[in-house]
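Before a model is used at the bench, its features have to be read with care. The dialogue concerns how this may be done.

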Amino acid sequence: MIQNIEPHEFHNDWSPRRPSGDDIVFGYDRRNAILRSDQTFFRWKDLGSAHEYVYLFSIDDTAFFLTEIPVMDQAISLNINFTRTYEPRWLGYACAVGWHLYSWMRINRYCGACGHQMMMDGKERALRCPHCGNLIYPRINPAVIVGILNPDNQLLITQYAIRHGEYRHDALVAGYCEIGEDIEDCVRREVREETGLSVGNLRYYKSQPWPFSESLLFGFFCDQEGGELIKLDRRELKSAVWKNPDDSFDVPGNASLTAEMIQMFRDGKVKFGG
Ligand SMILES: [Zn+2]
């Protein structure tokens, strides 16, 4: 999965430092990242001390910073989705997490309580209002990915409706946690709302940070206990079909928890009643 960058180590503890030399600098514009025209990342030495830099995190001994990269001949702009397949993977993942932090800062430039300009807090990774003390932490939306198995040991494969961005491949039922519910309630509600099925025997599988939707995904497998696939929510899903392990699947790459969960099914490692 995209966050598995071994042997590299991701350090997200808040220990800001000054940029220098080969430290990597990310710049973004909405959902695009700004790279050098050869599709490598800018280093501090490329841009120098004339810019303002915000410390983001470190991987091994390399520190990453955010700045506004000026328009220049040597720069290109790529949709942030490029990071899902970028090599080396650890730098692609860093750029995706950097975008998550950029997005958080971009929409919190002013205090929602009093309207003052926000600034980075000195003690932790947070934005602080110097006027009223309001603290805003990075937004991480909890969400579920659900692999539903039926008594014939088939997996429910969905395709999202058009309004769900550009993802057109095989997917699993997924959705955001709502206020006042635990993560298991979220699984049952999302399945019921999107497909009309009722499920039980929930088995937590793994979690995954997914910067592209600013979320933390919780993967579950579960068993169909009732209902029929006749009540699809067409605003959410274009289709939902039961597939056998040896059917063909359309799952690009191995960056996502969805891809890994579908592969677990194809390898016979998860089964109805398991
Ligand atoms: Zn304020």
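What follows is an exchange between a learner and a teacher on this structure.

Q: What kind of model is this, and which domains does the domain assignment give?

A: The model is predicted. The domain assignment of the chain gives domain 1 (10-107), domain 2 (109-138) and domain 3 (141-266). The C-alpha centres of domain 2 and domain 3 lie 36 Å apart.

Q: How should one read the metal site, and which residues coordinate the zinc ion?

A: One lists the donor atoms, then considers their angles and their spacing in sequence. The zinc ion is coordinated by the SG atoms of Cys111, Cys114, Cys129 and Cys132, at 2.3 to 2.4 Å. The angles among the four donor atoms are 97 to 118 degrees, and the site is tetrahedral. Four donors count as tetrahedral because all angles lie between 85 and 135 degrees. Along the sequence, the donor residues follow the spacing C-x2-C-x14-C-x2-C. Cys111 lies in the loop between α2 (89-106) and β8 (119-120), while Cys129 lies in the loop between β9 (127-128) and β10 (135-136); this pair, 18 residues apart, links distant parts of the chain.

Q: Are Cys111 and Cys129 buried or exposed?

A: The relative accessible area is the value to consult, and under 20% means buried. Cys111 is buried, at 5%, and Cys129 is buried as well, at 1%.

Q: How many salt bridges does the structure hold, and how are individual pairs to be read?

A: The structure holds 11 salt bridges. For each pair, one notes the N to O distance, the location in the chain and the burial. Lys243 and Asp170 meet through their side chains in a salt bridge of 3.3 Å, N to O. Lys243 is in strand β16 (residues 237-243) and Asp170 in the loop between β12 (155-160) and β13 (173-176), so that the pair, 73 residues apart, links distant parts of the chain. Both Lys243 and Asp170 are buried.

Q: Which residue forms a salt bridge with Glu260, and where do the two partners lie?

A: The partner of Glu260 is Lys206, with the closest N and O atoms 2.6 Å apart. Because Glu260 lies in helix α4 (residues 257-266) and Lys206 in strand β14 (residues 198-210), the pair ties together parts that are 54 residues apart in sequence. Lys206 is partly exposed, with a relative accessible area of 34%. Elsewhere, salt bridges that share partners join Glu181, Arg189, Glu190 and Glu193 into one network. Within this network, the closest N and O atoms of Arg189 and Glu181 are 2.7 Å apart.

Q: Why is α4 described as largely enclosed by the rest of the structure?

A: One counts the buried residues of the helix. In α4, seven of the 10 residues are buried, so the helix is largely enclosed by the rest of the structure. Among them are Leu257, Met261, Ile262 and Phe265. The buried residues of α4 pack against β11 (141-149), β12, β14, β15 (215-226) and β16. Just after α4, Gly268 takes a positive phi of about 75 degrees.

Q: How is a nonpolar core to be read, and which residues touch the most other members of the largest one?

A: In soluble globular proteins, nonpolar side chains tend to be buried together. The largest nonpolar core here has 72 residues, of which Phe26, Tyr28, Phe41, Phe64 and Ile148 touch the most other members. Helix α2 supplies the largest share of this core, 12 residues. A second, separate core of 11 residues includes Leu47, Tyr55, Ala63 and Ala75.

Notes:
Residues are numbered from 1 along each chain as its sequence is written. This is a predicted model: local features need pLDDT of at least 70, side-chain atom pairs count only at pLDDT 80 or more; totals for chains, interfaces and linings use all residues. Side-chain values use heavy atoms; hydrogens and water are left out. Domain bounds come from an automatic or database domain assignment. Donors are N, O and S atoms within 2.8 Å of the metal (3.2 Å for Na, K and Ca); water is not among the atoms, so sites may look incomplete. Four donors count as tetrahedral if all angles lie between 85 and 135 degrees; four count as square planar and six as octahedral if opposite donors are over 155 degrees apart and all others between 65 and 115; anything else is irregular. Helices (H or I, at least four residues) and strands (E, at least two) are DSSP runs, numbered from the N terminus. Buried means under 20% relative accessible area, exposed over 50%, partly exposed in between (1.4 Å probe, protein chains only). A salt bridge is a side-chain nitrogen of Lys or Arg within 4 Å of a carboxyl oxygen of Asp or Glu. Contact means heavy atoms within 4.5 Å. A nonpolar core is a set of buried Ala, Val, Leu, Ile, Met, Phe, Trp, Tyr and Cys residues joined through side-chain atoms within 4.5 Å.
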